[in-house]
Amino acid sequence: MNGIVIVDKPENWTSQDVVSKLRGVFKTRRIGHGGTLDPMATGVLPVFVGRATRAVEFFEHAEKTYIATLRFGITTDTEDITGRVLKEKEVSVTREELETALPKFRGEIDQVPPMYSAIKVNGQKLYELARKGREVERQSRKVTIFQLECQDFDGKDAKLFIHCSKGTYIRTLCKDIGESLGCGGCMAALRRVSAGAYTAEDAVSLESLIATEDPEKYLLPVDSVFDAYPKAVLTENQEKRCRNGNSFSLNLTDGTYRVYSKTGAFLMLAKVENGVMATIKSFF
């Protein structure tokens, strides 16, 4: 079986837990996921099965959207509600003050990764150091917040809609917003509602996948990752050259293409330069 299943990740499962469980469901070890979700988070987790794992590297840069709950007045070591409380402050933030603070977090911003993350410093994962009670200096990174809106606010919790680039830590965004308002804050809940072109409407529950006798019916084709690129169909001779890993002439505008055989089989992601098509990644 080859393809992509969009899992609605349940709370208290790691992304790797999901992958491990699905190895049994799809009866293959060749499975990988397209972007880690924290155990407390739920929502869209694309999982690549079989030959589709060759597409994971192209999905790494996909934009994501989330609905997060920011709880004001609490600062924790993990930057979310599951961590050890470091500070508690009285909250007197108004909706107007929150709305005034949000624009500075839109666009390209600098973000310091949390200690409880899988980023490596001098060969060690930060969360491993954090569990030993150690904190090390981390370099800030550029991330982009395309959209940041407050959907609801009750004086203590704010529900935020966030559309962001790869590598954005929503926990850190919540913490930084809380700090900017002088009372601190942490992430109290998180749901990923889309990853790349895949949305919550595409997702299937892990429970349904485990229970089904036909998991293949939930698999989306691997070429769905590349829907944003134009389609090119090869002649039989061009297909032979493609399958042999050779480049060949093709009268197309320069750019990236998803490439198919005359029978409709997805063959590769390819680039065209000066009328010559060459393989970026094959999928046959």
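**Loops, sheets and the main pocket of a predicted model**

Asparagine 12 lies in the loop between β1 (3-9) and α1. The model described here is predicted. In this model, the phi of asparagine 12 is near 70°, a positive value in a residue other than glycine. Asparagine 12 counts as exposed, because its relative accessibility is 62% and the cut-off for exposure is over 50%. Glutamate 79 also has a positive phi, of about 70°, although it is not a glycine. This residue sits in the loop between β5 (74-76) and β6 (85-88). Glutamate 79 is buried, with a relative accessible area of 7%.

The loop that holds asparagine 12 leads to α1, and α1 (15-26) takes part in the lining of the largest pocket. This pocket has a volume of about 1200 Å³. It is lined by 40 residues, and the closest to its centre are Thr36, Leu37, Asp38, Ala118 and Tyr169. Several elements each supply at least two lining residues: α1, α2 (56-59), β4 (64-72), α4 (126-131), α5 (170-180) and β12 (185-195). β12 gives the most, with three residues. By class, the lining has 16 nonpolar, 14 polar and ten charged residues.

Two of the lining elements, α5 and β4, also connect to β11. The buried residues of α5 pack against β4, α3 (95-101), β7 (107-111), β10 (141-153), β11 and β12. α5 is mostly covered, with eight of its eleven residues buried. The buried residues are Ile170, Arg171, Thr172, Leu173, Cys174, Lys175, Ile177 and Gly178. Charged side chains are thus represented in the buried set, by Arg171 and Lys175. Just after α5, glycine 182 takes a positive phi of about 85°.

β11 spans residues 157-164. Six of its eight residues are buried, so the strand is largely enclosed by the rest of the structure. β11 pairs with β4 in the antiparallel sense, over eight bridges. Within this pairing, leucine 70 has alanine 158 of β11 as its bridge partner. β10 is also joined to β11, by seven bridges, and these two strands run antiparallel. Here isoleucine 145 stands opposite cysteine 164. β10 and β11 form a hairpin with three residues between the strands, in which glycine 155 takes a positive phi near 95°.

Aspartate 157 belongs to β11. Its relative accessibility is 16%, so it counts as buried, the cut-off being under 20%. The side chain of aspartate 157 makes a polar contact of 2.9 Å with the side chain of arginine 71. Beyond its neighbours within four places in sequence, aspartate 157 is in contact with Thr69, Leu70, Arg71 and Asp152. Arginine 71 therefore appears both as a contact of this buried residue and as its partner in the polar contact, which counts N or O atoms within 3.5 Å.

A further sheet is built from later strands. Five strands form an open sheet in the order β15-β17-β18-β19-β16, with mixed pairing. β15 (231-233) and β16 stand at the edges, each with a single partner strand, so one side of each is left without a neighbour in the sheet. At one edge, β15 pairs with β17 (residues 255-260) in the parallel sense, over three bridges. Lysine 231 stands opposite arginine 258 in β17.

Further along the sheet, β18 (residues 266-273) runs antiparallel to β19, joined by six bridges. Methionine 268 stands opposite serine 282 in β19. β18 and β19 form a hairpin with two residues between them. In the turn, asparagine 274 has a positive phi of about 55°. At the other edge, two bridges join β16 (residues 248-249) to β19 (residues 276-282), and these strands run antiparallel. Serine 249 stands opposite valine 276.

Helix α6 (residues 206-211) includes alanine 211. Alanine 211 is exposed, with a relative accessible area of 63%. Its C-alpha atom is separated by 8.9 Å from that of valine 25, although the two residues are 186 apart along the chain.

Notes
Residues numbered from 1 in each chain as written. Predicted model: local features only at pLDDT ≥ 70, side-chain atom pairs only at ≥ 80, totals over all residues. Heavy atoms only, no water. 1 Å grid on protein atoms, 1.4 Å probe; cavity = no way out; pocket = protein on both sides within 12 Å on 5 of 7 lines; lining within 4 Å. Points joined across faces, edges and corners; volume = space filled by probe spheres on them. Helix = DSSP H or I, 4+ residues; strand = E, 2+ residues; numbered from the N terminus. Buried < 20%, exposed > 50% of the residue type's maximum accessible area, 1.4 Å probe, protein only. Polar contact = N/O pair within 3.5 Å; in protein donor to acceptor, adjacent residues only side chain to side chain. Contact = heavy atoms within 4.5 Å. Pairing = 2+ DSSP bridges.
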